[in-house]
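Visitor: Please take a close look at one part of this structure with me, and explain step by step how the reasoning goes. I would like to follow it slowly.

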Amino acid sequence: MPDLTPHEIRVRTRPYPATPNGITPTARRTADLGLGVLSLSARAFRGAIDQFLPDPAAGDPRNPSAVRQLGRAATGVALVAEQHALDAAEAIEHLTQASWDLARRVPILRDALVGVDASIARWSDRGDIEQLRRETAVTDFVAQLLPAIFDTLLERVDFGAIVARVPLAQIVGAIDLGAVVEQVDLDAVLAQVDVDALLRQVDVDALLERIDVDGLLARIDVDGLMSRIDLDALLGRVELGPIVADVLDDVDIGGIVRESTGSISGDAVDGARLTAMRLDTFVGRVADRVLLRGRTDRNPVDVTDDDAAPPDPADGPP
Amino acid sequence: MSRTIRNERAEALQGGRAGFVSRVTADAIDFLVVQVIYFTMLIGVAVIRFLITRRTFSVVAPDVWLTVIAQWTIVVLYLGSSWSSTGRTIGKSVLGLRVSGLGGVPLGPVRAFTRAVFCASFYPTLLWILVSRRNAALHDAVLRTEVLYDWHSTPTIHLTDQLTTDR
């Protein structure tokens, strides 16, 4: 859109950096919006009058009368004045804020302003709370009022009469369903359907409970089915090699062999040691007999109570 | 590494004094180990000689006195170092035995090497086990040492002393 406003008469705005969270920027936006609404309303009103009550004596709209021109000029002056007033207000707000910030940095003033700050904050909070209370009350009021209004409206509306006035048959007759269906790209629609999400919503258990499995099975001719299956061809298509390799990868045969042989060799060593222990006791007893002395405490614990132990030398000659 | 002993009697005997058969068997295994060390050394010497002289590879058979001295030295070093460190030689760890001072205390290097010299010089003193009332060889009696059943790697409580004091 071309820039229609001549540069030299464009209103200069925002001479100062906008005060953060200040009043003037809000006021400027509100004024802009309000004036825009007013202007649009006036234009719409004038357009409506021109359309519905046309003036037979109207001249060329590009050549307005002097008074009309004056009105437009007055609007321009007023708008520029408004902008300048807002600029001044913004400057004052900016100056106030700057002085306030400066005062907060001056040692003695700073201490005095702490109290003022606290007081302002307290009253601001108070105001916020009070406003919130009123807003809540209004919201409650509206929440109760709206259903009541709608109820009253619905009671008075005769829906039967409204529906009766709708020419449904004509509407349906006018719709060429075939043409509509032809225009629908079913593939694209199906591509957008999330089948997984749909299936997640299906209660498979409930579905299966409704199925008469016995009845279904009774209707299946298993023998006929089996006779139609070519097992040899099926097995021929199965690659056993990779399957066996996968299984062997999962089974740690080396570990099993190590564990079992380790356990077996451990048992063998233990057995040999135990035999040596029993022979120790046996030889010790024999020596004691030969030396013609009773039981000695060569070892505090004996293993001779074991049935598999070597025979006691007292039972017979060694 | 500690291992589980599945036999209850063997478990009960842990820490007891080992008898003649176990100790002689362990010594027999150690004798084999010493022979392996000795012949490995002979072969090593032969390899080095071959590498230096580049003549035919031949293992020299040393004189008998040299063999005796060499084997005696190997036995002393092997037994002494084993007993002063873990208390076990290869043969003793196969049979599950451990050499210790009275009460199961580990042997110091001096006592271990003295015992090794004793064993290497007067091996038949082992026969004293048969005479001793507490399964002690002559060198055990002199050096106040004993050989215990100890299938665990970690030293066990000295069962013999405990039970003797109980009686």
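**Helices and their surroundings**

Guide: In chain A, the axes of helix α2 (residues 66–105) and helix α3 (residues 107–156) come within 5 Å and cross at roughly 110°, which makes α2(A) roughly perpendicular to α3(A). Please keep in mind throughout that this is a predicted model. The residues that meet are A:Ala103, A:Arg104 and A:Arg105 from α2(A), and A:Leu109, A:Arg110 and A:Leu113 from α3(A); sorted by class, this contact has three nonpolar, no polar and three charged residues. Chain A as a whole has 14 helices and zero strands, and buried residues make up 6% of its 318 residues.

The part I would like to examine most closely is in the other chain, namely helix α3 (residues 64–85) of chain B. At 1.5 Å a residue, its 22 residues should span 32 Å, and because its end C-alpha atoms are 31 Å apart, the expectation and the model agree.

Now consider which residues of this helix are buried. In α3(B), these include B:Val75, B:Leu79, B:Gly80, B:Ser82 and B:Trp83, and since they cover an arc of only 170° around the axis, they are on the same side of α3(B). It helps to recall a general rule here: an α-helix has 3.6 residues a turn, so residues three or four places apart point the same way. On the other side of α3(B), by contrast, B:Leu66, B:Ile69, B:Thr73 and B:Ser85 are exposed. The buried residues of α3(B) are covered by elements of chain B that include α2 (20–53), β1 (97–101) and α5 (109–121). Just after α3(B), B:Gly87 takes a positive phi of about 85°.

That backbone angle leads to some further residues of chain B. In general, most residues other than glycine have a negative phi. B:Asn135, although it is not a glycine, has a positive phi of about 55°, and it lies in the loop between α6 (128–131) and α7 (138–143) of chain B. B:Arg144 also has a positive phi, near 55°, and is likewise a residue other than glycine; it is found in the loop between α7 and β2 (145–149) of chain B. As for their surroundings, B:Asn135 counts as buried because 26 other C-beta atoms lie within 10 Å, where 20 or more are required, while B:Arg144 counts as exposed because it has 11 such atoms within 10 Å, and the cut-off for exposed is 12 or fewer.

Conventions
Residues are numbered from 1 along each chain as its sequence is written. Chains are lettered from A and ligands numbered from 1 in the order in which they are written. This is a predicted model: local features need pLDDT of at least 70, side-chain atom pairs count only at pLDDT 80 or more; totals for chains, interfaces and linings use all residues. Axes are lines fitted to C-alpha atoms, for helices over the stretch in contact, and angles run from 0 to 180 degrees between N-to-C directions. Helices (H or I, at least four residues) and strands (E, at least two) are DSSP runs, numbered from the N terminus. Angles under 35 degrees count as roughly parallel, over 145 as roughly antiparallel, 65 to 115 as roughly perpendicular and the rest as oblique. Two residues are in contact if their C-beta atoms, placed from the backbone, lie within 7 Å. Ala, Val, Leu, Ile, Met, Phe, Trp, Tyr, Cys and Pro count as nonpolar, Asp, Glu, Lys and Arg as charged, and the others, Gly among them, as polar. The expected span of a helix is 1.5 Å times one less than its number of residues. The arc is that of the directions from the helix axis to the C-beta atoms.
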